[in-house]
Each structure stands twice: as C-alpha cells, then as structure tokens.
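Student: I'd like to go through this model with you and ask how each label is earned.
Tutor: Happy to, let's look at it together.

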Amino acid sequence: MKLFVDTANVKEIETLAALGILDGVTTNPSLLAKESGDYRQILKQMCQLVQGPVSAEVVATDTEGMLREGRDLASIDEHIVIKVPFTRDGVRACKTLSSEGQRVNVTLIFSAAQAWLAAKVGAAYVSPFVGRLDDIGTTGMNLIREIVEIFDNAEFPTEVLVASIRGPIHLIESARIGADVVTAPPAVIDQCFKHPLTDSGLARFLKDWEQAQAAKTA
Ligand code: E4P
C-alpha cells in the first residue's frame with residue numbers, strides 16, 4: 001500500500017519526503033486555503049519534492065469549468081493528478097480528462113455506488129472518506145471493504161485511495177483490506193512513529209552498553 005500525505009504545507013512534505021516514506025500528496029481547497037503564497041508554485045514545489053502523484057482539486061462546479069481548471073492544473077507538472085468532486089459534472093469531467101490521458105482522482109466518495117461509477121468513467125483514483133463517515137456514526141472502513149471487493153471483481157484499474165483517516169488504525173485496516181493507497185495527515189504519520197516500548201527499549205540498550213563500556217575501562 002502506498003502512503004500519501006494529506007497536506008498543502010511544503011515544509012511538512014519536505015520533512016516526510018526526507019524520511020523516504022512518501023509516495024505522493026493529496027491536497028484539497030481547504031488545505032490549500034491555509035497556506036500563503038501562489039498555489040501554483042506551492043503545487044510545483046510539492047511535485048519536485050515527492051516526484052510522485054500530487055492531487056490538486058478543481059473548485060469549479062460545472063463540467064466546462066472543471067475541464068478548464070483541470071487542464072490548467074495538469075500543466076503545472078507531470079505529477080499533478082486532477083481531483084474532481086463526485087457530482088454529475090465531476091463524472092463528466094472525469095470521463096473527458098481521463099480520455100485525454102490525464103489522471104483523475106474522484107473525491108468526496110461516500111458510497112460504493114459512487115466509487116463504481118467513478119471507476120467506470122476512468123478515474124485513476126477514488127477517494128472514500130472514512131473519518132467523515134465515522135463522524136456521522138457509521139463505520140467508514142466497511143466502505144473500503146466494499147469498494148476493494150467490487151474493484152477486484154470487476155478488475156478495475158482504479159486505485160482505492162483511503163482518505164479522511166483519523167489515526168494509525170485506519171491506516172493498518174486499509175492495508176489489511178488491500179486498499180492501494182492511504183493518505184494520512186502529518187499528525188497521523190507522527191503517531192505511527194510513537195511507541196513507549198521503542199523509547200524505553202532504546203534507552204535500556206544504550207544504558208546497558210554504556211555500563212558495559214565503563215566496566216571494561218574501570
Ligand atoms: C482527501 O483527499 C481529503 O483531502 C482529506 O483526506 C479529507 O480529510 P478530512 O475529513 O480530515 O478533512
């Protein structure tokens with residue numbers, strides 16, 4: 001399973017990319033709105049840092065506008081993946097952009113039927129939002145199970161990109177189910193690094209080593 005980071009902050013991407021764990025980036029208008037500076041330059045920097053797929057979302061809501069914005073976003077860098085919302089206009093835009101050879105990420109997926117329709121029009125990725133489903137009292141991961149099963153049965157090449165994750169458990173469950181990609185906020189990736197037994201284990205190893213060295217030189 002590939003790991004993308006869900007952020008529009010270049011510094012955060014730089015730090016994670018340096019660890020060698022990052023396969024791509026997802027952004028959305030809310031995340032980009034938090035950053036200062038020109039969004040095209042920000043997206044370009046991200047592409048240079050990760051050298052992998054960077055999802056950039058259109059804000060137009062009509063097909064023609066989505067096509068115009070999508071083509072413009074794609075002109076920024078070869079790594080840009082055009083993100084469109086799952087609406088009728090988004091589905092039409094996905095069909096056209098995909099047939100032009102662009103990679104499209106259909107976002108705001110909350111049902112298996114939506115994911116199936118997006119795959120039918122050539123989406124490179126579908127982004128089901130598990131955390132937001134959990135937030136309304138349902139089990140978001142059940143949707144991932146359904147979509148992975150459907151895409152396997154239909155042999156769709158569309159990748160299941162698990163979005164809106166809230167913690168490492170969502171990440172691990174996604175990997176167990178067989179999702180293709182998970183996009184995690186930096187805070188969730190940080191949580192994956194933390195374990196008290198790793199910290200105490202390392203402290204013990206170092207202390208034992210120091211004591212042994214001191215005993216040898218005494
Ligand atoms: C995915 O592409 C979205 O940007 C993101 O995962 C949404 O997450 P949220 O529900 O935490 O805003």
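**Labels and the values behind them**

Tutor: This is a predicted model, and the structure holds 10 salt bridges.

Student: What makes the contact between Asp-135 and Arg-166 a salt bridge?

Tutor: Their side chains meet at 2.7 Å, N to O. A salt bridge needs a side-chain nitrogen of Lys or Arg within 4 Å of a carboxyl oxygen of Asp or Glu, so the pair qualifies. The two residues belong to distant parts of the chain: Asp-135 is in helix H7, Arg-166 in the loop between strand S7 and H9, and they are 31 residues apart.

Student: Why is Asp-135 called exposed?

Tutor: Its relative accessibility is 54%, and exposed means over 50%, so Asp-135 earns the label. Arg-166, at 43%, counts as partly exposed, because that value falls between the 20% and 50% limits.

Student: How do you know that Arg-145 and Glu-173 form a salt bridge?

Tutor: Their side chains meet at 3.0 Å, N to O, and the limit is 4 Å, so this pair counts too. Arg-145 lies in helix H8 and Glu-173 in helix H9, so the bridge ties together parts that are 28 residues apart in sequence.

Student: Why is Glu-173 called partly exposed rather than buried?

Tutor: Its relative accessible area is 21%. Buried means under 20%, so Glu-173 falls in the class in between.

Student: And why does Ala-124 count as buried?

Tutor: Ala-124 has a relative accessible area of 18%, and this is under 20%, so buried is the right word. This residue sits in the loop between helix H6 and strand S6.

Student: Is Ser-174 buried or exposed?

Tutor: Ser-174 is buried, because its relative accessible area is 0% and the limit for buried is under 20%. Ser-174 is part of helix H9, and its side chain reaches the backbone oxygen of His-170 at 2.6 Å.

Student: What makes Arg-204 and Asp-208 a salt bridge within one helix?

Tutor: The side chains meet at 3.3 Å, N to O, and that is within 4 Å, so the bridge counts. Both residues lie in helix H11, 4 residues apart, about one turn of the helix.

Student: Which residues form the nonpolar patch on the surface?

Tutor: Leu-202, Phe-205 and Leu-206 do, with about 340 Å² of accessible area together. Phe-205 is in helix H11 and has 62% relative accessibility; patch members need over 30%, so Phe-205 passes that test.

How values were computed:
Residues are numbered from 1 along each chain as its sequence is written. This is a predicted model: local features need pLDDT of at least 70, side-chain atom pairs count only at pLDDT 80 or more; totals for chains, interfaces and linings use all residues. Side-chain values use heavy atoms; hydrogens and water are left out. Buried means under 20% relative accessible area, exposed over 50%, partly exposed in between (1.4 Å probe, protein chains only). A polar contact is a pair of N or O atoms within 3.5 Å; within protein, one must be able to donate a hydrogen and the other to accept it, and residues adjacent in sequence count only if both atoms are side-chain atoms. Patches are made of residues with over 30% relative accessible area and no salt bridge: like charges are joined within 9 Å, nonpolar side chains (Val, Leu, Ile, Met, Phe, Trp, Tyr) within 5 Å. Accessible areas come from the Shrake-Rupley method with a 1.4 Å probe; for residues, only the protein chains shown count as cover.
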